[in-house]
Structure formats: structure tokens, C-alpha cells
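Take a look at the chain below. The tour begins at one residue and widens from there.

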Amino acid sequence: MVMHIPFVAPAGGLLDTVGQSTVTLHGNATIGNCGLSVDGAGDYITIPNFDYASDGSFTLGYWFTKETCNVGEWEYIFSHATVANYDALDQDNPNINTMLRCNHASEGSFHRVIIVDTNRQFISFDFSLHSAGADQFMTALSQQWVQFIMTIDPSGMSVMLD
């Protein structure tokens, strides 16, 4: 999977340009001109937490492309939680998780979003990426980039998937 993460700058070391924190690569993750590239389990980046949502407003956005379906049902794209090593459905731990289900069967693949806020409100929704099996996904959609943007504020939420 390749993701474009514009707030991570590869020049002069890896730095989160918003929170001014050092970015740490794990596994075989690399940052290049096209963004973050991961090729399997154990590949990810971590960025230390910083205050970005105490007023109840924030935006999460990224681009990604999928080159192969890995073994396993789910691949996390983004994960942030108040307490690490948790269950994403735990309403006592505010979190945001986005993941991809790259299905090897005939029902297709989709992008899932799970959010739990500080008031224990839970929301989850899916976006279908295609309705074919993995073979058709790799030939038809692996050449495409998917853009996801979600903006949340105290009055509501806007989501765009292209």
C-alpha cells in the first residue's frame, strides 16, 4: 500500500510538520516522494500525540493505492486512540480507526471508519471500493488512487471519498 501523507516531510529526517514531532518508521516502511510505502504486516509509522482536537474540530485526510491483497481480513490505514493496545470498539477509549478490507472472495473490498468520541458516542461506516473479487480488484483498481477526507466539528461531520 502506498499513502500520500503531506504533513510528513522526508527531507532532513522525518518530521511531522504539523505537530513538529519526529516520525518513526517500523518494519519495512519507507517515506519517499510519493509518500508512505508499506508492503506487509509490521510496516507502519508512528507520530507522537499532540493536541489537534481539543476544540472538537479536526480533519483527517489521505490518498492511498493498493497494489496487492495481503493475507488477513483487515489492513489498518490510520489508527489513533487515547490508550494504546485497545479494542477499537471500546467506548471507554476515544479513538479513530480507518481500515481496508481487501476481500479475496466475490463480495468485494471496502474502506471502514470507526470513531468513538470522548462522550462515548460510537459511529462506524463503510465505503465500497468495488464489488468484484481480489483478482478483478488488482487488475481494475490497483492503478487508481483513492482519496479520503473526513472533517469533524461540534456541529457535524463531512466525508468525501473519491
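Methionine 150 has contacts well beyond its sequence neighbours. Leaving aside residues within four places in sequence, methionine 150 is in contact with Phe58, Thr59 and Leu60. Its list also holds Ile96, Val113, Ile115 and Phe125. Met157, Ser158 and Val159 complete the list. Keep in mind that this is a predicted model.

Met150 also belongs to a larger group. The largest nonpolar core has 15 residues, and Phe64 and Met150 have the most contacts inside it. Which elements give two or more residues to this core? They are strand E9 (58-65), strand E11 (95-101), strand E12 (109-116), strand E13 (122-130) and strand E14 (146-153). There is also a second, separate core, with 6 residues. Among them are Ala29, Ile31, Leu36 and Ile45.

Now step back to the whole chain. Its secondary structure comes to 1 helix and 15 strands. The chain has 162 residues, and 35% of them are buried. Consider the contacts with a separation of 6 or more: 49% of these link residues 24 or more positions apart. On the outside, the chain exposes about 9,200 Å². Carbon and sulfur atoms supply 52% of that area.

Next come the strands and their pairing. Strands of a sheet pair through backbone hydrogen bonds, either parallel or antiparallel. Here, 4 strands form an open sheet in the order E10-E11-E12-E13, and the pairing is antiparallel. Strand E10 (74-81) and E13 are the edge strands, each pairing on one side only. On average, neighbouring strands of this sheet are turned by 10° against each other, direction ignored. Look at E11 and E12 inside that order. These two run antiparallel and are joined by 7 bridges. One pair to find is asparagine 97 with its bridge partner in E12, isoleucine 114.

That pair leads to a loop residue. Alanine 88 lies in the loop between E10 and E11. Is alanine 88 buried or exposed? Its relative accessibility is 8%, so alanine 88 counts as buried; the cut-off for buried is under 20%. What does alanine 88 touch, not counting residues up to four places away in sequence? Its contacts are Asn95, Asn97, Ile114 and Val116. Both members of the bridge pair, asparagine 97 and isoleucine 114, are therefore among the residues that alanine 88 touches, given that contact means heavy atoms within 4.5 Å. Along the chain, alanine 88 and isoleucine 114 are 26 residues apart, yet their C-alpha atoms are separated by 7.3 Å.

Note on methods. Residues are numbered from 1 along each chain as its sequence is written. This is a predicted model: local features need pLDDT of at least 70, side-chain atom pairs count only at pLDDT 80 or more; totals for chains, interfaces and linings use all residues. Side-chain values use heavy atoms; hydrogens and water are left out. Buried means under 20% relative accessible area, exposed over 50%, partly exposed in between (1.4 Å probe, protein chains only). Accessible areas come from the Shrake-Rupley method with a 1.4 Å probe; for residues, only the protein chains shown count as cover. A nonpolar core is a set of buried Ala, Val, Leu, Ile, Met, Phe, Trp, Tyr and Cys residues joined through side-chain atoms within 4.5 Å. Two strands pair if DSSP finds at least two bridges between them. Axes are lines fitted to C-alpha atoms, for helices over the stretch in contact, and angles run from 0 to 180 degrees between N-to-C directions.
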